[in-house]
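Got your viewer open and a selection box ready? Let's walk through this one stop by stop, picking residues as we go.

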Amino acid sequence: MQEKVTLLLEKIEHAQLVLVGIGEAFASGKSLAYVEAAYHNLANMLEGKNYFVITTCTDRKIESAGLKKERVVCPLLEENDQEKETVWDIYLKWLQGTLHKKLLVLELGVGLVYPNLIRFPFEKTVFYNQKAELVRVHDKLFQLPVELKGRGISVEEDAVRLLAFVEN
């Protein structure tokens, strides 16, 4: 497992920008201690990077991880206030600025519960940005589409477990 962690750390280090998708694997009855450790380790891995995190987890456990609040969005919780700019709006502007930059797209435990929020848009982002690379970490749904051949890595592993045991 340590070689998979080393791979993630190297990919993050060499990227100009990092887009992270956190899926239902983080909310599916895992030990709270493991989930908190995974979030904390992710925050440490992203320290000093230009990143954005999208999550489908509505439990708000990510809020205490040490990630920048303005760089984390949960579309399922996003308020629809026409008067103010939402974090989703900020994310969309950030995403526009990733084109033609070395972007690492990191999917962590994203399955098929809400594929239209993370999985499919992330694949599309990598497809159009020729400098982008996708790393998909999932214990069952780790496969990559053929359109991204050579521009992605699939990691067959439970994302929470993998991140919970990162040695910083």
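Start by selecting residues 50-55: this is strand β2, joined to β3 by two bridges, with the two running parallel. Strands here are DSSP E runs of at least two residues and helices are H or I runs of at least four, numbered from the N terminus; two strands count as paired if DSSP finds at least two bridges between them. Now pick V53, and you'll find V72 of β3 standing opposite.

A quick word on what you're looking at: this is a predicted model, where local features need pLDDT of at least 70 and side-chain atom pairs count only at pLDDT 80 or more, while totals for chains, interfaces and linings use all residues. Residues are numbered from 1 along each chain as its sequence is written, and side-chain values use heavy atoms, with hydrogens and water left out.

Zoom out to the sheet. Six strands make up an open sheet with parallel pairing, in the order β3-β2-β1-β4-β5-β6. At its edges sit β3 (72-73) and β6 (152-156), each pairing on one side only.

Next, add 87-96. That's helix α3, which packs on the sheet and touches β1, β2, β3 and β4 (contact is heavy atoms within 4.5 Å). Its direction makes about 130° with that of β2; axes are lines fitted to C-alpha atoms, for helices over the stretch in contact, and angles run from 0 to 180 degrees between N-to-C directions. Then select 119-128 for helix α4, lying across β1, β2, β4 and β5 and running at about 160° to β4.

Now jump to 2-14, helix α1. Its 13 residues reach 18 Å from first C-alpha to last, close to the 18 Å expected at 1.5 Å a residue (that is, 1.5 Å times one less than the number of residues). Show V5, L8 and I12 as sticks: these are its buried residues, buried being under 20% relative accessible area and exposed over 50%, partly exposed in between, with a 1.4 Å probe and protein chains only. Look down the axis of α1 and they fall within an arc of 60°, so they line one face; the arc is that of the directions from the helix axis to the C-beta atoms. They pack against β1, α2, β4, β5 and α5. On the other side, E3, E13 and H14 are exposed.

Last stop: C57 and C74. Why no bond between them? Their sulfurs are 7.4 Å apart, too far for one; a disulfide needs cysteine sulfur atoms within 2.5 Å. Both are buried, C57 at 5% relative accessible area and C74 at 11%. The structure holds zero disulfides.
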